[in-house]
Amino acid sequence: MAAVDVGGTRTKSALVDGDGAEVVSRTGPTPRGLDQPGALPRAVEAAFAELVELGARGAAAPEVVALGVVVPGLVDDRAGVARYSANLGWRDEPVVAPLEETVHVPVALGHDVRAGLLAESRWGAAQSARHALFLPVGTGIAGALMLDGHVISADGWSGELGHVVVEPDGPVCGCGARGCLEAVASAAAIEAAYAACSGERVGADLVAGRVAAGEPAAQAVWTRAVEALARAVVTAVTLTGVDLVLVGGGLARSGEVLLSPLREAVESRLTFQRRPRITGAALGDRAGCLGSACLAWDLV
Ligand SMILES: [Zn+2]
C-alpha cells in the first residue's frame, strides 16, 4: 500500500504492509508552489513514482494496489478535493480524480489528523477504543473525533478544537478571532508567551524542561496553557462523550510534564461527565502517513 502525507514543511511517504509496518519510507521537504492549480496532485504523483521505484529494488516491498494521500487544512474526503490550506495555499484542488488517471490504482484522500486517529485506532494508542479525541498540539492545534467507531468528518469541517475560544480576552489567533485554544496553548503560543515574560526565545521543548526544573516563569506559562487545554478538553468531552483523549504533536514529547497537570485540570472541571482517559498518542509524526495507508487499505 502506498501512503503519502503532505505536511506543512515535510512530506512523508511510505510503502506500508498490512500490519502497519513501513517497509520503505521517505521524508523530504514539501515542494513549494502547491498553491498553483494542479501542483498538489503532481507532487503526490512524483512521491508515488519514487516509492514504486524504491519498492521495486526491495524484495520485501508490499504490492502497491492503492494509494492513500493525506493533507492538512480543510479536506472533503468524499469528494476527493483539498478545499483549503492556510499554509500551503491551495483552494478547491481536486486530488483523487487527476491522480487516478496518472497512478492507475485507486486513490483515497483524507485529512492528516483524522487519518492519524484512524491509524492510532488500528495500530497505536486508541486500539479497542470506540470513542476518542485526538489532539495534536504542535505549531498549531488540530483535533479529530472518533464516535461509535467512526472518525467524524462532516464534509471536512469537524474537529477544529484549536479554534474554540478558551480566553475571551486572550491573544488574537491566526484565524482572526480572539482567545482561541491555538493562540494560548500551541507550541508557538507557549514560545511567544515565555519570550514575553522571560525575554528569552526558546522552543516549547526547552520550556517544558524548565517547567520540570521548577523555573517560575516557565511554570506560569505552562499552567496557563494547560488550563486552556483543559477547558477545551472538557468542552469536547461534554459535547461528544469521548472517554479517551490522545494528546499528540510536538508538545506531547514533554510526556507527563504535560499530561499529569492536564489530567488534574480536566478532573477538577468535570462534574457529572464520564472521566476520559488522557494519554499520549503512540505513533508520533508517523500517524498521518500510516493513516493514509489505512485509507488506502479501506479502498481494496
Ligand atoms: Zn482561531
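Here are legends for three close-ups of this predicted model. Residue numbers start from 1 along each chain as its sequence is written, and local features need pLDDT of at least 70, while side-chain atom pairs count only at pLDDT 80 or more and totals for chains, interfaces and linings use all residues. Side-chain values rest on heavy atoms, with hydrogens and water left out.

**View 1. A three-stranded open sheet, order 5-6-7.** The pairing here is antiparallel; two strands pair if DSSP finds at least two bridges between them, and strands are DSSP runs of E, at least two residues, numbered from the N terminus. Strand 5 (74-76) and strand 7 (91-94) sit at the edges with a single partner strand each, so one side of each has no neighbour in the sheet.

**View 2. Strand 5 meets strand 6.** Three bridges join strand 5 to strand 6 (residues 81-84) in the antiparallel sense. Look for D76, which stands opposite V81 in strand 6.

**View 3. The zinc ion and its protein donors.** H163 (ND1), C173 (SG), C175 (SG) and C180 (SG) lie 2.0 to 2.4 Å from the zinc ion; donors are N, O and S atoms within 2.8 Å of the metal (3.2 Å for Na, K and Ca), and since water is not among the atoms, sites may look incomplete. The four donor atoms subtend angles of 104 to 122°, which makes the arrangement tetrahedral (for four donors, all angles between 85 and 135 degrees). Along the chain, the spacing reads H-x9-C-x1-C-x4-C. H163 is partly exposed at 30% relative accessible area, whereas C173 is buried at 6% (buried is under 20%, exposed over 50%, partly exposed in between, with a 1.4 Å probe and protein chains only).

Technical notes: Helix = DSSP H or I, 4+ residues; strand = E, 2+ residues; numbered from the N terminus. Tetrahedral: all angles 85-135°; square planar, octahedral: opposite > 155°, others 65-115°.
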